[in-house]
Amino acid sequence: MSKPGPLRLWLVGCGNMGGAMLRQWIASGVVAPENVFVVNRRNRELPEGVRQGRTFPAEPAPDFIQLGMKPQQLDEIPAPPPGDYGLISILAGVDVATLAARFPGHAIVRAMPNLPVALGKGVVALHGTRAPGVDALMAPLGLVEWIAEESLFDAVTALSGCGPGFVYRFIDALAEAGAALGLPADQAQRLAIATVEGSGLLAAQADASPSVLADRVASPGGSTRQGLNVLDRDDALKALLRETLAASARRNAEMAAEARR
């Protein structure tokens, strides 16, 4: 690892998430296309200059190999090449011990990105050995957080990994509610998306917590306060999201158990 010259990266699998990461890495200049090789079952549309094939190339090992296929395909990976490289895994539920048994002697880093990494606005949670170069590799993707305890990785996956799916559901529901008040559906959707986008950007830059920001929007006796009263009643929204994340975390734990078999 940390060899002189441009960073070299091999990817095992390059689906939606791996492809989003790869395109942002190339766009940011942290990786050059000619230094990337993708091992996959069939050819995919990849950025120009990126090579692909069915097995690892017969050349010196790269700086990093990233696993991005389905977790249940872990035992189907071609024989790993010799050499000094770091292993990055974005496989949900597959723990460091399982990866270390498959790739002994290498620095192992579990990574949980979410889809906004495609815009450089994602979240990447990391756990494992802080391999040289991994922070610089992940930085262009968005917020990078190291998680000290692997036992918390299922919770992080549920919150930030699955979180965009839950936010998209909220946007859809917000737009549908606007349409129920008489707005054209397409206009309601545009308004809902822009509202969530702007609110998220403001929350990221604010000097106060989101709960305080909500109260700042809501003047006493006003329309926002009336709406918040519905969301806050019996902590219904908080309870719903606790149940939602708990369900995702349970499934992450199940997949971890399946990967260890």
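Start by selecting helices α4 and α5 (residues 163-180), which pack at an angle of about 35° with their axes 5 Å apart. Axes here are lines fitted to C-alpha atoms, for helices over the stretch in contact, and angles run from 0 to 180 degrees between N-to-C directions. Helices (H or I, at least four residues) and strands (E, at least two) are DSSP runs, numbered from the N terminus.

A word on the model before we move on. This is a predicted model, where local features need pLDDT of at least 70, side-chain atom pairs count only at pLDDT 80 or more, and totals for chains, interfaces and linings use all residues. Numbering starts from 1 along each chain as its sequence is written, and side-chain values use heavy atoms, with hydrogens and water left out.

Now zoom in on the junction: A158, L159, S160 and G161 of α4 meet G163, P164 and F166 of α5, contact being heavy atoms within 4.5 Å.

Keep α4 (residues 153-161) shown and add β6 and β7; the helix lies across both strands, running at about 30° to β6.

Next, display the whole sheet. Eight strands make an open sheet in the order β3-β2-β1-β4-β5-β6-β7-β8, with mixed pairing; two strands pair if DSSP finds at least two bridges between them. Colour β3 (51-53) and β8 (142-146) separately, as these edge strands each pair on one side only. Then pick β5 (residues 86-89), which pairs with β6 in the parallel sense over three bridges. Select S89 and you will find its bridge partner in β6, R110. Bring in α1 as well: this helix packs on the sheet, touching β1, β2, β4 (64-67) and β6, and its direction makes about 165° with that of β1.

Time to look inside. The largest nonpolar core has 27 residues, and L11, W25, F64, I88, L137 and M138 have the most contacts inside it. Such a core is a set of buried Ala, Val, Leu, Ile, Met, Phe, Trp, Tyr and Cys residues joined through side-chain atoms within 4.5 Å. Buried means under 20% relative accessible area, exposed over 50%, partly exposed in between (1.4 Å probe, protein chains only). α1 gives the most to this core, with four residues. Centre on W25: leaving aside neighbours within four places in sequence, it is in contact with L9, L11, V30, V31, Q66, L137, M138 and L141. Apart from this core lies another, of 19 residues, among them W10, V12, I65 and I108.

Last stop, two cysteines: C14 is buried at 6% relative accessibility, while C162 is partly exposed at 26%.
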